Amino acid sequence: MATGSLARSHSMEPDIRLEDYLDDKLQSTADFENLDSLIASVEVQRSQLQTQLDDAVRELEDVRRAAQDRRGGLSQSIAEFHTLQQSIDARLKIVANSAAPDEAIQRLEGPMRQLHKVELAYQYVSLLQDVENMRLEARSHLPHSPKAALEPYSRLKQLGARLRALQGPADGAATHLVEHVEATTETLWKEMKNIMSQEMDAVLKKRNWPHEVDVSSEMDSEWFQCFEKLVDLQVPEVLYSESAVTLLPFEAMAKPFAQWFRFQFMGSNTTSTPQAFGTFCIPQFISLVDKWEGFFRENVGHILFSRFRDTSVGEMSIYVDPACALITAMLPVMREKIDMVIQEGLKNPQFLSSLMIQIMNLDDELRSRFNYDGGNQEQGWAGLASEVLNKHFDVWLKAEKEFALERFRAILNSADARNIDYDYSTPGKMKPTYGAVRVTDLLRTITSQYERVRRFTHKLRFLIDIQLEILDQYHDRLKDSLDAYYTITSTIGRTLHGVTRDQLAALEGTGAFETLCKVLGSSDHIVATLKDWSNEEFFITLWEELQTRARRNSGQETLAGGMSHEAVKDRISSAVGSDKDTGILFDETIAAYSFRRKTAEEFLVSALIDSHQKAFRPYLGKPQWTTISSDVNIDASQLAITPELDEPLKILKRNLTFLASALSTAVYRRIWRIALEKLQDMLWGDVLLRQNFTTLGAAQLVRDLQAIFSLVDRHIPDGSLMMSTLQDGAQLLNLPVASGGEGVTLQQASDRIFTDNTEAKKTLAELGLESLTPANARKILQRRVEYSE
């Protein structure tokens, strides 16, 4: 209803498009004549539009019905899905609550395991068959073609290495299989070497080697071929081995030599005794190698060169030098001999000490004479001695330490150990005691014993446990000597500990000087020796290796030989492990001995001063400085020396002479500078500025001082300059009362010096007394009796 009403209202409205159409077609009255045809055309168009509208209505109805059908089908599918889901959930609950699947799995586990075992057994047997086939293939090529035999052998060895590598991730599975493959490989290699060696043995037997072979003869072609086969067989082993390998042809050719060696030195004859090892065994071993060296180099040197020269082992003497290859083949029997004699050495420490030296000498002989490197081109051959020390180092160290300490105690207890060796060095050099010289000689001998040891740990243990131990004990002895001296000479020491008459008598005269010079010279000798050693190649290398290890292992508790970082620092140097390029191997020891040297020097200065004070005491109390003379111009050089000065001069001369024979020039002058300055202070204060002097008294003082200065200058060139102030003071004091010429008189000097400081300095400069101050000059002038008058 609403639709029809809307259509009517719409039809009643004018249609603009219709109006436009009629206006276009009926523009004039003539156009009405074609009205019928126009109406017919419109009818045709209306009919077409109606047809299109009917088709569209039908298609719309079809689409609506199809959409309705699809909605109905989708709803049905959704309903069927929910039904199926519910059915599946129900069945899953049933299955979850059922034991049937587990039972089925359990029933299948047994057959599956059996099937896995069968497969594994099949693979196991197949692998074993492959191993056996490779073994048989390798043997089939021997002895005619060792190179061909190496191919299956190499595959077998690679298989063993691969199985061993896979065993780790597999938690050690198939142990028997891996061991079987490795054992088969090792057995095969032994069989291959035995087969080839038997061929070489036959060749050697045919030629009655070595009895009927001259050292200057040449090997024949069959011998060459057999030698080459053995080398070819061994090339892979040599190239890939991490340790030295004995070349098979040399091993075969060395068998007669080894038999002879065992008969001569490992039997029951006299040359087999342990004591004959150094006198017979080692020389004969060297002689054997030396005898056949030329034969092997001339005949097979080119073969080794061609096989190994351009390989990774081309620079190793044991593979390219026939003499070194022979040594390698002979070393096993020498090791057997050493093992035998070492057992005797373990029972006899003294024999062990000499035995190790003999073994080291053998090692050095093989290295230097034959350039033997043991297969280690970079570091060289460790030597037979290193092999022994790796097993018995602690025993050897203990024995060497006991011998060294025994020798050290014998040195200290010798009759002349405490005596100064005045012939040790030229005049002007420090003189140590005989004991100090022998101790350093002992330490040098110890160094020669262990400097050939190869392992760093062994060297460090030898240094610390023996050498530094001896140095520490000798240091303690010097310290005890100084402590004893201090106890005797100091008031506190005498009060607390007491002192005997013999002890006091020992320090009388030059006794105190000698006691202190012994400590001073010995300490200086040890310090100088250790500094010299620190510049030697052996100790420099040892220090650098210690620093490298300390820096690399800074986070670890132990540094070397079970010793901690702090323990090594305390014994050697506080610079151990530091990044600074400072320190030497004997830092701590040198510091300790330097302190003893300094203390002894200080005690010596005090003793020298005390000696002078006691000697000059009567002279200081001499009252005859005011004797009056009628002569106003007295020549001091014509006067006799004061009698009270005779004894001080003797003592002064004695002290100068003794110390000059025991001390170096530098130390001598340093000590006497202090002592003479103290003597100057004593004469200045107790004589020059305390006593009153007449003209004769002043001249007498000048004469006495001239005697002292002359004595000092005879022993110390220009030594009197150390007392220049006293000398100038005496000259000022000795100014004449009246001048016979152009000289300054006492009165003139007094007037000018007492004027003011400027005039006083000017006057002193004119007199050449510039070491005096105006104040001191006035004090000196006031000591003249004539001035007070």
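Reader: What percentage of the 789 residues in the chain do buried residues make up?

Author: This is a predicted model, and its chain holds 30 helices and two strands. A residue counts as buried when its relative accessible area is under 20%. By that cut-off, of the 789 residues in the chain, the buried ones make up 40%.

Reader: Which helix gives the most residues to the largest nonpolar core?

Author: As background, nonpolar side chains in soluble globular proteins tend to be buried together. Here the largest nonpolar core has 215 residues, and those with the most contacts inside it are Ile572, Leu683 and Leu732. The helix that gives the most to this core, with 14 residues, spans residues 277-308 and is α10.

Reader: Which residues does isoleucine 572 contact, once its neighbours within four places in sequence are left aside?

Author: Isoleucine 572 is one of the residues with the most contacts inside the largest nonpolar core. With the neighbours within four places in sequence set aside, its contacts are Leu460, Leu463, Ile464, Leu468, Trp543, Leu546, Ile584, Leu585, Phe586, Asp587 and Glu588.

Reader: Are α16 and α19 roughly parallel or roughly antiparallel to each other?

Author: The axes of helix α16, residues 456-489, and helix α19, residues 511-534, come within 10 Å and cross at roughly 155°, and the crossing is left-handed. Angles over 145 degrees count as roughly antiparallel. The two helices α16 and α19 are therefore, with respect to each other, roughly antiparallel.

Reader: How many charged residues are there in the contact of α16 with α19?

Author: On the α16 side the contact involves Leu471, Tyr474, Leu478, Ser481, Leu482 and Tyr485, which meet Ala512, Thr515, Leu516, Val519, Ser522, Ser523, Ile526 and Leu530 in α19. Divided by kind, the residues of this contact comprise 10 nonpolar and four polar, while the number of charged ones is no residue at all: none.

Reader: Is histidine 475 buried or exposed?

Author: Histidine 475 has its place in helix α16, and, not counting residues up to four places away in sequence, it touches Ala592, Tyr593 and Arg596. Its relative accessible area is 10%, and the cut-off for a buried residue is under 20%. Histidine 475 is therefore buried.

Reader: How far apart in space are glutamate 647 and tyrosine 619, C-alpha to C-alpha?

Author: Glutamate 647 is found in helix α23, residues 646-662, and it counts as partly exposed because its relative accessibility is 44%. Glutamate 647 and tyrosine 619 are 28 residues apart in sequence, and in space their C-alpha to C-alpha separation is 9.2 Å.

Key
Residues are numbered from 1 along each chain as its sequence is written. This is a predicted model: local features need pLDDT of at least 70, side-chain atom pairs count only at pLDDT 80 or more; totals for chains, interfaces and linings use all residues. Side-chain values use heavy atoms; hydrogens and water are left out. Axes are lines fitted to C-alpha atoms, for helices over the stretch in contact, and angles run from 0 to 180 degrees between N-to-C directions. Helices (H or I, at least four residues) and strands (E, at least two) are DSSP runs, numbered from the N terminus. Angles under 35 degrees count as roughly parallel, over 145 as roughly antiparallel, 65 to 115 as roughly perpendicular and the rest as oblique. A crossing is left-handed if the near helix is turned anticlockwise from the far one by less than a right angle, and right-handed if clockwise. Contact means heavy atoms within 4.5 Å. Ala, Val, Leu, Ile, Met, Phe, Trp, Tyr, Cys and Pro count as nonpolar, Asp, Glu, Lys and Arg as charged, and the others, Gly among them, as polar. A nonpolar core is a set of buried Ala, Val, Leu, Ile, Met, Phe, Trp, Tyr and Cys residues joined through side-chain atoms within 4.5 Å. Buried means under 20% relative accessible area, exposed over 50%, partly exposed in between (1.4 Å probe, protein chains only).
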